[in-house]
Amino acid sequence: MTLSVVLFAVLSILAIASALVTITSKHPIRSAMGLVFHFFMLAGLYLTLSAQFIAALQVLVYAGAIMVLVIFVIMLLNLGDEEKLKYKVNPRQVIGIFLGAALLVMLGTIYVTNVSVAGFNKEIAANIGTAQFLGNELYTKYIFPVEAIGILLTAAIVGAIVLAKRKLN
Amino acid sequence: MLQSIPLEYYLIISAVIFIIGSIGVITRRNAIIIFMSIELMLNAVNLTLVSFSSFLGDVSGQIFVFFVMSVAAAEAAIGLAIILALFRSKQTIYVDEVNLLKW
Amino acid sequence: MYNAVVNELIGSLGLIKPELALLVTFVVVIIADLIFKNNKVNLGLSILGTIVSGIFLIGMSGTNTSAFANLIAVDPFSEFFKYLILISTLIVLVMSEFSEELHNRDVWMGEYYMLVLGMALGMFLLAGATNLIMIYLALETMSMSSYILSGYTKEIKRSSEASLKYVIFGSLSSGIMIYGMSILFGMTGSLDLYAIQSYLAANGFFQPAIFISGLMVIAGFAYKISAVPFHFWTPDVYEGSPITITAYLSVASKAAGFAVLVRFIKLTFFDAAGSSDESWIMMNSIPWDMVLAVLAVATMTLGNIVALWQSNVKRMLAYSSIAHAGYLLMGIVVMTNTGLMSILVYFFFYLLMNFGAFIVVMLFAHKIGSEEMDDYEGIGYQAPVLASLLTLFLVSLTGLPPTAGFIGKLVLFGAVLDSGWYWLAVIGVLNSVVSLYYYAKVVRNMWLRKVDNGKGTLKFSIQSQALVMVLGIPTLVFGLFFGPIMRWAEHSVRIFLGN
């Protein structure tokens, strides 16, 4: 057991556990906290893959921006526990678990097949994971998508304002 | 030292997270928790992309992650605005109580 | 190195002039809304921008190349879909001017026009995207605008519900799609469709992983074209959205979905070198034709059978648009250029008749305050002109002569029969027969029930009737003189296959 294996095991077990907390908690705030924790664990996993820049973005964008928004809305709506959480067998849940199992089998087959990928090379991985390398690619080869996402974000900002602002009559 | 973890492990972790997310989307009633489950699914995708990217030594996977994150942020903003609009008119965010139109 | 990059960029900018025209309009409209606060100015600017974009598009006709280092293709195939999108956008903009549900409330029209243009821009990019990143971004640009627009008249309760359902199902399916994309990237080591294709060509054995990830990507597109089993959102969103947006979603958004579906399958899973126009060769022995055939049969059968029970005309048209997606999928199943041409022809006619039907339903709803089939009883004698035109559109949607819809179906079924998919053609024809029943129900209610209900005639403005005429006359004319459209479609089947 090297240190990296221990690190990987701890991070991934905590990531899965916090994901489970997210989808099973009665109270939305508890779900949200589970999700924030999950984001940090994933950022850790990205670091084990030498993707520093993405790890930093993960914390900044997901934990710092998206989750703040979510928690803000939960607080604003002042939601309590789900009152009706009596677990009767509900067709939607049966479908959900069935689909989940089907997906698992499907994805299982994928990984059993063969992932013919060259091994992990720390030098190369650490080199491409830097802000400099990523920025260079983004603003040369992928400049067009970067500009295109500006359209998407503009539309989203305008749309969110239109939807949330409403005259009370 | 870090080379000792094979790619398959990362992929399995991400598949498990993806499935947890999709079960959450289908089984939960609270629209906000449904959105959080969708974020879980997107994160699983990101993990797959980053691990492939690092193992292949190809940066385009991480570029994709960059775009997925931006879209996820926009989607969260829109989704939450819609939830707010719905809450104002119906005083609920439980998807099974929203039944003016059939599911 | 940077000089080369800059030169490439400047060269590519010349290839996306129609998109740039739309982009400029997108920005100008929102600024003009702040300055003038006048609805007419916004509408005028939006229409102007659409027309300018169309002029640029005409100027580029026949271009067959790739821009931005294989991120998007500019080819006759995408050009055809761009025309469809522009015509739809123009009709929606004009139609919005007549819509009471948008005007009699406190609706922000400047933002509305801007988002319609944003959606058109997303569809333009989607029609040409040849890189997985570009496909995802274009799809999301289009979706993001449509999520907002479907909830635009949010004071109406069902409208915000519709957009909640739309956004939940939409994010779920795009999540599945990018998971497929991520696996495809890992297996083949590239995001570029051409590079993925050449990797698959070099490793020509069946890999379940490739098959499953391909299915997952197709699931994301199937959501956009509302194919079974990703159709759940369609009836609710179509019923709950403003009717202008319903019409836009049922035509333009579906067209963009088909464009990317065809391009993705053709570029990724077919042997570029070995395929001829007459038969495309599949690689890795993955039976995509069978997958799509099953999808087509399920889609059209479900759409038609559920439509039988609908009492709301808007909802009935939603299920009918699901059924039409099923017919159109048959054109991909046959995997020939003739099949592709039949899709293009069918789509052009579908645009005319579907928009026509939605506009008449909207105008009737203004006068009788209802979209229920029962309230249409005797309306034929109250509004003879519009009711006749609605009859024409419904006959055309069924696919009966002498309308354009008949020619569309004829070409489509001809292509299916030519390539030997007899059972598929039989199911398609049976489905058309079923569809006759529910279209005829509307026609019967309009003309044969309550013939003299004593209500006075309904008055419609000349402009609104003219708009319906503009769609109605071609529906009839192209049913007889379909040659030009066929030739146009024949020239437009060329997909850019890489350098």
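**Exercises on chain contacts and a helix**

In this predicted model, 23 residues of chain A are in contact with 32 residues of chain C.

**Exercise 1.** Determine which elements of chain A supply two or more residues to its side touching chain C, and describe that side by residue class.

*Solution.* Two elements meet the criterion: helix H4 (91–113) and helix H7 (143–164) of chain A. Of these, H7(A) gives the largest share, 13 residues. By class, the side of chain A that touches chain C comprises 16 nonpolar, four polar and three charged residues.

**Exercise 2.** Analyse the contact between chain B and chain A from the side of chain B.

*Solution.* Begin with the extent: 62 residues of chain B are in contact with 71 residues of chain A. Next, assign the elements: helix H1 (7–27), helix H2 (31–56) and helix H3 (60–90) of chain B each contribute at least two residues to the side touching chain A. H3(B) provides the largest share, 22 residues. Finally, classify the residues: 44 are nonpolar, 13 polar and five charged on this side of chain B.

**Exercise 3.** Test the length of helix H10 (residues 208–224) of chain C against the expected span, then assess its burial and what follows it.

*Solution.* The helix has 17 residues, and at 1.5 Å a residue H10(C) should span 24 Å. The end C-alpha atoms of H10(C) lie 25 Å apart, which agrees with that expectation. For burial, the criterion is 20 or more other C-beta atoms within 10 Å of a residue's own. Of the 17 residues of H10(C), 13 are buried, so the helix is largely enclosed by the rest of the structure. After H10(C) comes C:Ser226, with a positive phi near 50 degrees.

Key. Residues numbered from 1 in each chain as written. Chains lettered and ligands numbered in written order. Predicted model: local features only at pLDDT ≥ 70, side-chain atom pairs only at ≥ 80, totals over all residues. Helix = DSSP H or I, 4+ residues; strand = E, 2+ residues; numbered from the N terminus. Expected span 1.5 Å × (residues − 1). Buried ≥ 20, exposed ≤ 12 C-beta atoms within 10 Å, placed from the backbone. Contact = placed C-beta atoms within 7 Å. Nonpolar A, V, L, I, M, F, W, Y, C, P; charged D, E, K, R; others polar.
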